[in-house]
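Please work through the exercises below with the sequence and the coordinates at hand. Each task is followed by a solution in steps.

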Amino acid sequence: MWARAVPYEEFGRLRREAPVAWSPDEGSGFWSVTRYADIVTASRDVATFSSARGVSFEEPTDEDMAARRTIIDTDPPEHTKLRKIVASTFSQRAVAVYEHFITGLTGDVLDRMPAGRAFDFVDTVAKEVPIRVLAQVMGLPPADLDLFIDLGDRLIANTDPDITDVVWGRDDTDAYRRFPFRSPYGKRLWDLGREVVKDKLREPGDDLLSKLLRAEVDGDRLSETDLDNFFSILVVAGNETTRIAIAQGVLAFCQYPGQWDRLHIWLHIMPGGMWASGLAMRILGDTPLAAKQ
């Protein structure tokens, strides 16, 4: 269903007929909650709807969760404490420091777009920008960026045989149950992260990884397991989610050209909007999409 398109009609039917529906298909089953207000309620009621047992269809043991728990597998107050460790790195003031770098990087990536022929926007643009921004923020070695992308893809798409050769639900993954996403590539990402951490211990800087090594939660430093999992979730989620946002944003403009026209005007009249407008024009061109189509 999802391979064909986002199933908007099916979600609409569920909201009308069964807004809270039982699905027995995976493991011991799960509930599908499809109304906005119900989703907000469940998200806020952590005592009833906990994330501490994991956020996938797997049913990990306590030992499995202890080994691979990330920030998304925790509830407040533990979740809040972990968020505070990285919050300052992503404040509006902190992000503004990277504006010049991101502008130059995006321009370089767009300069490499093939002219006059079709190409895969995700591979050429959407996945190139986030990982390099993330590398700058985290202090990752530039030479390993393609490997970070590859490992992240194999982890996130651990049910897709077109992307990973160890498929959850098809192959025996019991030996990897204590690694991220129950995947051997989770261990490879941990190993790679530990080498980066060793370098940061020798030569700490102002990057996010150096801050994690100095961070304390309730007076305690993060353990090696905490660092492993923090590293993996930052590399995977920080790269993958932004890649999708860029790709889906461009797709939405192609599908709704009137919105591109509105953005085109808004970027030119907003204070400080010219630099952003320049980047947007580089991606989709200075001619309104409505005229192109």
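The exercises concern a predicted model and treat confidence, a pocket, an aromatic pair and several loop residues.

**Exercise 1. Confidence**

Task: State what pLDDT the chain averages, and identify where the pLDDT is below 50.

Solution. Step 1: the average pLDDT of the chain is 85, and 91% of the residues score at least 70. Step 2: the pLDDT falls below 50 over residues 287–293. Step 3: this stretch nevertheless has 17 contacts in the model beyond near neighbours in sequence.

**Exercise 2. The largest pocket**

Task: Describe the volume and the lining of the largest pocket, and determine which helix gives the most to the lining.

Solution. Step 1: the space in the largest pocket amounts to about 1100 Å³. Step 2: its lining consists of 24 residues, and those nearest the centre are Phe-30, Trp-31, Ser-50, Gly-54 and Val-55. Step 3: at least two lining residues come from each of strand 2 (30–33) and helix 2 (36–44). Helix 2 contributes the most, with five residues. Step 4: by character, the lining comprises ten nonpolar, nine polar and five charged residues.

**Exercise 3. An aromatic pair**

Task: Classify the ring pair of Phe-253 and Trp-260, and decide whether Trp-260 is buried or exposed.

Solution. Step 1: the structure holds five aromatic pairs. Step 2: for Phe-253 and Trp-260, the ring centres lie 5.4 Å apart and the planes stand at 75 degrees. Step 3: an angle over 60 degrees counts as edge-to-face, so this pair is edge-to-face. Step 4: the relative accessible area of Trp-260 is 1%. Buried means under 20%, and Trp-260 is therefore buried.

**Exercise 4. Two residues with positive phi**

Task: Compare the backbone and the accessibility of Phe-181 and Arg-182, and list what Arg-182 is in contact with.

Solution. Step 1: Phe-181 lies in the loop between helix 9 and helix 10. Arg-182 is also found in the loop between helix 9 (145–156) and helix 10 (184–202). Step 2: phi of Phe-181 is near 60 degrees, a positive value in a residue other than glycine; Arg-182, likewise not a glycine, has a positive phi of about 50 degrees. Step 3: with a relative accessibility of 26%, Phe-181 counts as partly exposed, whereas Arg-182, at 17%, is buried. Step 4: apart from neighbours within four places in sequence, Arg-182 is in contact with Glu-58, Arg-68, Trp-168, Thr-173, Asp-174, Tyr-176 and Arg-177.

**Exercise 5. The loop between helix 3 and helix 4**

Task: Characterise Thr-70, and identify what kind of peptide bond joins Pro-76 and Pro-77.

Solution. Step 1: Thr-70 is found in the loop between helix 3 (62–68) and helix 4 (78–87). Step 2: the relative accessible area of Thr-70 is 9%, so this residue is buried. Step 3: leaving aside neighbours within four places in sequence, Thr-70 is in contact with Asn-229 and Ile-233. Step 4: Pro-77 is likewise found in the loop between helix 3 and helix 4. The peptide bond that joins Pro-76 and Pro-77 is cis, with omega of about 5 degrees.

How values were computed. Residues are numbered from 1 along each chain as its sequence is written. This is a predicted model: local features need pLDDT of at least 70, side-chain atom pairs count only at pLDDT 80 or more; totals for chains, interfaces and linings use all residues. Side-chain values use heavy atoms; hydrogens and water are left out. On a 1 Å grid over the protein atoms alone, a cavity is a set of points where a 1.4 Å probe fits but cannot get out, and a pocket is an open set with protein on both sides within 12 Å along at least five of seven lines; lining residues have an atom within 4 Å of a point. Grid points are joined across faces, edges and corners, and a volume is the space filled by probe spheres set on the points. Helices (H or I, at least four residues) and strands (E, at least two) are DSSP runs, numbered from the N terminus. Ala, Val, Leu, Ile, Met, Phe, Trp, Tyr, Cys and Pro count as nonpolar, Asp, Glu, Lys and Arg as charged, and the others, Gly among them, as polar. pLDDT is the predictor's confidence in each residue, from 0 to 100. Contact means heavy atoms within 4.5 Å. Rings of Phe, Tyr and Trp (its six-membered ring) pair if their centres lie within 6.5 Å; planes under 30 degrees apart count as stacked, over 60 as edge-to-face and the rest as tilted. Buried means under 20% relative accessible area, exposed over 50%, partly exposed in between (1.4 Å probe, protein chains only).
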